[in-house]
Amino acid sequence: MLGLMTGLLLALPALGWEVGEFRNGMTRTEIEQVLRTWKFDKTLSIGNDSLIVYDSPDNAAGRRFLFTFCNDKLVAFNQQIEPAFRHFIVIASNYSNLYGNPLHVVPDTSVIASGEKNQLAMFWRKDSDYLGITYALYPGSEQLSMTWQINNNCWQAPR
């Protein structure tokens, strides 16, 4: 009986996020294969654990994705979206309605070369996943991104 239960538990699919064609646990090679059909303007590897793909500034699509790997498995996906504080409020409100109060809130202010950077990040938990949104205000610009993460052996989620 114990062997049967163990076999059933091992046969259960792993829980985790899936965004479009990207899902946690994919290898870097699998991500690179999927990305070939997306036709991004630039691809940049950052060490063994990160891959950034983006469109050039003159491309109207303006897409930018960051994939983060742990032991060659996708553990985080970050997508930049149209930056506006209004968008941040709408997404944070929707997440709060779906998942309750944020699990983790990170307010941050720092000084960068061009002046002051103000940032607010909020994270929610859905089953084994962490969903987050980050709004950053820079002198003369802003940035808004959504993230999906899972626990892993390389760093503590959410971050």
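## Overall layout

Among contacts in the chain between residues at least 6 apart in sequence, 40% link residues at least 24 apart. Keep in mind that this is a predicted model. The chain has 159 residues, and 35% of them count as buried. Its C-alpha atoms fill a box of roughly 65 × 40 × 25 Å along the principal axes.

As for secondary structure, you get 3 helices and 10 strands. Reading from the N terminus, the order is α-β-β-α-β-β-β-β-α-β-β-β-β.

## Helix α2 and its buried side

Helix α2 covers residues 28-35, and its buried residues are R28, I31, V34 and L35. They span an arc of only 125° around the axis, so they sit on the same side of α2. What lies over them? The cover on the buried residues of α2 includes the strands β2 (22-23), β3 (42-46), β4 (50-54), β5 (64-70) and β6 (73-81).

R28 also has a charged partner in the helix: E32 forms a salt bridge with R28, with the closest N and O atoms 3.6 Å apart. Both residues belong to α2 and are 4 residues apart, about one turn of the helix. Are the two partners buried or exposed? R28 is buried, at 12% relative accessible area, while E32 comes out partly exposed at 31%.

## Charges: one more bridge, and a loner

The salt-bridge count for the model is 2. Besides the pair in α2, R63 bridges to D55, and here the closest N and O atoms are 2.7 Å apart. D55 is buried, with a relative accessibility of 7%.

Then there's D129, in strand β9 (residues 129-138). D129 is buried but has no salt bridge. Why not? The nearest side chain of opposite charge, K126, is 5.5 Å away, and a salt bridge needs the nitrogen within 4 Å of a carboxyl oxygen, so K126 doesn't qualify. What D129 does have is a polar atom of its side chain 3.1 Å from the backbone nitrogen of W17. Leaving out residues up to four places away in sequence, D129 touches G16, W17, W124, Q149 and I150.

## Aromatic rings

There's plenty to look at if you like aromatics: the structure holds 17 aromatic pairs. One of them is W38 with F40, a stacked pair at 6.1 Å centre to centre with 10° between the planes. F40 is buried, with a relative accessible area of 13%, whereas W38 is partly exposed at 25%.

W38 and F40 also belong to an aromatic cluster, together with W17, F22, F65, F67, F77 and W148. W17 is a name you've met already, as its backbone nitrogen is the one 3.1 Å from the D129 side chain.

## Q79 in strand β6

Q79 is a residue of strand β6, and at 23% relative accessibility it counts as partly exposed. Which residues does Q79 touch, not counting those up to four places away in sequence? They are R64, F65, L144, S145, M146 and W148. Two of those names, F65 and W148, also turn up in the aromatic cluster.

For a sense of sequence versus space, take Q79 and R23: they are 56 residues apart in sequence, and their C-alpha atoms are 13 Å apart.

Note on methods: Residues numbered from 1 in each chain as written. Predicted model: local features only at pLDDT ≥ 70, side-chain atom pairs only at ≥ 80, totals over all residues. Heavy atoms only, no water. Helix = DSSP H or I, 4+ residues; strand = E, 2+ residues; numbered from the N terminus. Buried < 20%, exposed > 50% of the residue type's maximum accessible area, 1.4 Å probe, protein only. Lys, Arg positive; Asp, Glu negative; His and termini not counted. Polar contact = N/O pair within 3.5 Å; in protein donor to acceptor, adjacent residues only side chain to side chain. Contact = heavy atoms within 4.5 Å. Arc of directions from axis to C-beta. Phe/Tyr/Trp six-rings, centres within 6.5 Å; stacked < 30°, edge-to-face > 60°.
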